[in-house]
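Hi,

Here is the structure I promised to pass on to you. Have a look at it first, and my notes follow underneath.

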Amino acid sequence: MANKRRLEEVYNDYARNVLPAQASAVQRAETRQAFFVGAFSLMGILNQAADDPEQEAAIVEDLQAEMEAFAEAAAKAGGR
C-alpha cells in the first residue's frame, strides 16, 4: 500500500489559503521548505516523546500550548 502524503496535502491547503496569488516561485519554494522543516522538527519531538513514556503527555501538552499561543498571537496581529 502506498504511503498517503498527509503533509503534502496540509501544505497544499495552507498554500492555497495563505500564500498570496502573486507570491513568487522563490517565496513558494522557501515557504514549502520552512513548512517541511517544521514538520521534521515536530516529528523529532514526537519521537522523543514516544521514547520517554513518562514525559510523553507533558511534551504533547507543551506542544499544544505553544501552538495555541502562536495561533492566538497571529490572530491578534491580523494573521490568517
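Helix α2 provides the largest share of the nonpolar surface patch, with 4 residues. Please keep in mind that this is a predicted model. The patch covers about 370 Å² and is formed by L42, M43, I45, L46 and V60. One of these residues, L42, sits in helix α2. L42 has a relative accessible area of 32%, so it falls in the partly exposed class, and it also passes the requirement of over 30% for patch members.

Now to the aromatic rings. How many aromatic pairs does the structure hold? There are 5. A ring pair is characterised by how far apart the centres are and by the angle between the planes. For Y14 and F35, the centres are 6.3 Å apart and the planes meet at 25°, so this pair counts as stacked; the cut-offs behind that are centres within 6.5 Å and planes under 30 degrees apart.

Which parts of the chain does this pair link? Y14 belongs to helix α1 (residues 6-18) and F35 to helix α2 (residues 25-51), so the contact joins distant parts of the chain, 21 residues apart.

Are the two partners buried or exposed? Y14 is partly exposed, at 33% relative accessibility, and F35 is partly exposed too, at 22%. For F35, the boundary to keep in mind is that buried means under 20%.

Y14 and F35 also belong to a wider group: ring pairs connect Y11, Y14, F35 and F36 into a cluster.

Happy browsing, and best wishes!

Terms used: Residues are numbered from 1 along each chain as its sequence is written. This is a predicted model: local features need pLDDT of at least 70, side-chain atom pairs count only at pLDDT 80 or more; totals for chains, interfaces and linings use all residues. Side-chain values use heavy atoms; hydrogens and water are left out. Rings of Phe, Tyr and Trp (its six-membered ring) pair if their centres lie within 6.5 Å; planes under 30 degrees apart count as stacked, over 60 as edge-to-face and the rest as tilted. Helices (H or I, at least four residues) and strands (E, at least two) are DSSP runs, numbered from the N terminus. Buried means under 20% relative accessible area, exposed over 50%, partly exposed in between (1.4 Å probe, protein chains only). Patches are made of residues with over 30% relative accessible area and no salt bridge: like charges are joined within 9 Å, nonpolar side chains (Val, Leu, Ile, Met, Phe, Trp, Tyr) within 5 Å. Accessible areas come from the Shrake-Rupley method with a 1.4 Å probe; for residues, only the protein chains shown count as cover. A salt bridge is a side-chain nitrogen of Lys or Arg within 4 Å of a carboxyl oxygen of Asp or Glu.
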